[in-house]
Amino acid sequence: MTSPSSTSLSHIPPTIYSLELRRTPAILSFRGDQMENLEQTHLTKVVAFLSSELDRLDQLINTIEQEGRETKANLAQDTRLNFDSFADNVDTFANIESGNRQIDALNAKVDRARSQQRKANLLLPQAYFARIDLDFGDAVSEPFYLGKVGYAKPDEENIVYDWRTPLADVYYAGKQGPTSYVANGRTISVNLTLRRQFQIQNNHLLGVMDTTAAINDPVLLEILAAPHSDSLKDITTTIQAEQNAVIRNLSADVLLVDGVAGSGKTSVLLQRIAYLRYVHREDWQPDDFLLLTPNTIFAQYIKDVLPALGEQNPSALTFNNYLVKLSHYFGVSLSETDLSYNQYLSKINAILDQPAPKSLDRFIPGISQTDDAEPIIARLQLLWRRQVAGDDIPDDFSSWLPWDPIFRCLGLAAPSPLQLLYTVLLITQFRQDNIKALFVDEVQDYSEDQMLLMMTVFKASHLTLVGDHNQTLDGHSFDPQSLQHQFAVHNRKVTAVSLLTSYRSTGAITRYFGQFSGLPNGSFIRPIQPEGNAPLILDHYSVSDLASLIRQQATETTGTFAILVSDASSAQALYDLLGDRLSLSIAVISAQDRDRPETNVQIIPLAIAKGLEFDRVIIVNFQDRYFSDAEFGPHRKYVAASRATQTLTIINKLTTDE
Ligand SMILES: Nc1ncnc2c1ncn2[C@@H]1O[C@H](COP(=O)(O)OP(=O)(O)OP(=O)(O)O)[C@@H](O)[C@H]1O
């Protein structure tokens, strides 16, 4: 297990120069003011440059497009289509080909200019967020400004460096003084002499901070305390050292992150997608990435993060949805309802690894004839290869062989659609090789069968799996160690990392949900935010009191507001009870929803609220059977309470009004 970097623990206070944040003005004001002036001058220069770039690129695109139109017109005039003789054919095709090449070159120029334009537009509101000064050994410190994307004029030095560039690693690693980073496989030693953060809005420098370590970073605390919207934001400007190590890990085959609630797993996963896109920009395409999400609401929740970093979202779907699509490809009819229980797929593996019994010849003639020691699966694979070689691929795999008697002959029950799909995958040796990198969120919810399918199909993909063993709501318990073992059986090496710092909630809320995590007082979870208010715990509470409480909380503060309940029917029942009492917009969110409506309050079943967060949370009927379940009750309480960022109210029992 890799433990979080110890540097993230040091509580070294940052040196703060911004007007709003300056704590020791007597000592710092002269240097601070002078430095702020220099930085403001630099910012003004960069913003002016980016604006001028937008004008230049606009003109450039117009010119190239004009040139393109003229080239096409000339080609149409000059290229006589003459197919009279072989030589004429060759000439005609050569002319067309040369014309196409000219057009392609112009298109490529326009694409490059548009990409630069997108970068300049992305940087204008915040040209950069940090500066590091590096001494490469010649006693001279060079400044590097880091932004959400890099920007350079063609063939010139970067004016802003991409946060993913190798040297930015030393910024995020948070070490001051002698350190190193790796670029093109070479370790480069440097002395980090300055690590500076900026708060910038367009041309205005709002704050400057020189820091020696990222923790207790006022920028981070300010971001965490701000009201949230319905969509997750990128964390580029405040990535912490332990998160950076996960984002930039290039050595792991399977990277498994087990992190406490609010430790930034989803954020890290998305930043890692952006990072890998950058590292593999020459050899991987956007389509080479696949993200498996728990549901469509979650996919909506994260949709803004990558575009904010100039990256397009990868294909995102639920694993069950993926399996259903895959089954259609093989003509096996599988629906999502076939996927909800444990079907012991590993048993199929065990049986197919045995030699074929003679009795199987009745259903697959000749299968047991040759070498008796050869496993059934090898023979079925050979049979399939012959089928393919003979261009005789069945449209519907389920009728290729008499599966029911075959399974019975092997001592198994007639196969379910999922068992048949798995058998198909084994026989055809199908692998989703076009996916170079697979990302899975909420991995603790995957059953052993689902993991087996994932290992079978994504054998050649790099995997990033993030989850929290405390967040399984039902079905089965998740054990990171047995998952590692399962991967090892499939010859895959897992690098496991745990994240123990929680960013989402106030200290009081973090301690509250921590108590349900299995260890006394959740003592291993480190909150980053200040203590805040203790959760409000109400034993018996009437519907009309709840309605007043909701009205009061909704008017007191801004931000997102959710009422969490055990399941869909409880959500609807609560909605009916609250009825018109609220004079606020309120909606029930269900598993089928693709989007969350913009209401003041949302009533959400816990399983759907998983992975999301809200500034205010009220949990209703915290002592009902769902939350008191002997096995999963503590996990459910942990997940529910950890959705709140600032205010948490718990109603143990909701009573109806007489
Ligand atoms: N380094 C960071 N800088 C700023 N915000 C952060 C950072 N890390 C996490 N956060 C914030 O903390 C909150 C929780 O992050 P995220 O949802 O990614 O955590 P998680 O581990 O996936 O949570 P859970 O498993 O409980 O759903 C989000 O608001 C995220 O923006």
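This report walks through a predicted model, from its confidence scores to its sheets and the surroundings of its ligand.

## How far to trust the model

Residues are numbered from 1 along each chain as its sequence is written. Because the model is predicted, local features need pLDDT of at least 70 and side-chain atom pairs count only at pLDDT 80 or more, while totals for chains, interfaces and linings use all residues.

The chain has a mean pLDDT (the predictor's confidence in each residue, from 0 to 100) of 86, and 91% of its residues reach 70 or more. For the complex, the predictor gives a pTM of 0.89 and an ipTM of 0.99. Please take care with residues 1-30, where pLDDT stays under 50. The model has 64 contacts beyond four places in sequence for that stretch, a contact being two residues whose C-beta atoms, placed from the backbone, lie within 7 Å. Where pLDDT is low, the predicted coordinates should not be read in detail.

## Domains

The chain is divided into domain 1 (33-124), domain 2 (317-499) and domain 3 (529-655), with bounds that come from an automatic or database domain assignment. Taken over C-alpha atoms, the centres of domain 1 and domain 3 are 53 Å apart.

## A sheet from β9 to β14

Helices (H or I, at least four residues) and strands (E, at least two) are DSSP runs, numbered from the N terminus. Two strands pair if DSSP finds at least two bridges between them.

One open sheet has six strands with parallel pairing, in the order β11-β10-β12-β13-β9-β14. Its edges are β11 (315-317) and β14 (494-499), each with a single partner strand, so one side of each has no neighbour in the sheet. From one strand to the next, the twist averages 15°; axes are lines fitted to C-alpha atoms, for helices over the stretch in contact, and angles run from 0 to 180 degrees between N-to-C directions. Inside this sheet, β10 (289-292) and β12 (437-440) run parallel and are joined by four bridges, with Phe289 opposite Ala437. Helix α6 lies across β9 (254-259), β10, β12, β13 (462-467) and β14, and runs at about 160° to β13.

## Around the ligand

Which residues come nearest to the ligand? They are Ala261, Gly264, Lys265, Thr266 and Ser267, out of 23 residues around the ligand, counting a residue as near if its C-beta atom, placed from the backbone, lies within 6 Å. Two elements, α4 (218-225) and α6 (265-279), give two or more residues to this shell.

By type, the shell has seven nonpolar, 11 polar and five charged residues. Here Ala, Val, Leu, Ile, Met, Phe, Trp, Tyr, Cys and Pro count as nonpolar, Asp, Glu, Lys and Arg as charged, and the others, Gly among them, as polar.

## A sheet from β17 to β22

Another open sheet of six strands, also with parallel pairing, follows the order β17-β22-β21-β18-β20-β19. The edge strands β17 (536-542) and β19 (586-588) each pair on one side only, and the twist averages 25° from one strand to the next. Four bridges link β18 (561-565) with β20 (601-605) in the parallel sense, and Ala562 stands opposite Gln602. Packed on this sheet is helix α16 (543-556), which touches β17, β18, β20, β21 (614-620) and β22 (644-655). The direction of α16 makes about 135° with that of β17.

## Antiparallel strands

Strands β2 (130-135) and β3 (141-147) run antiparallel, joined by six bridges, and Leu134 stands opposite Glu142. Together β2 and β3 form a hairpin with five residues between them, and Gly137 in the turn has a positive phi of about 115°. Strand β2 also pairs with β7 (186-201) in the antiparallel sense over six bridges, where Arg131 has Arg196 as its bridge partner.
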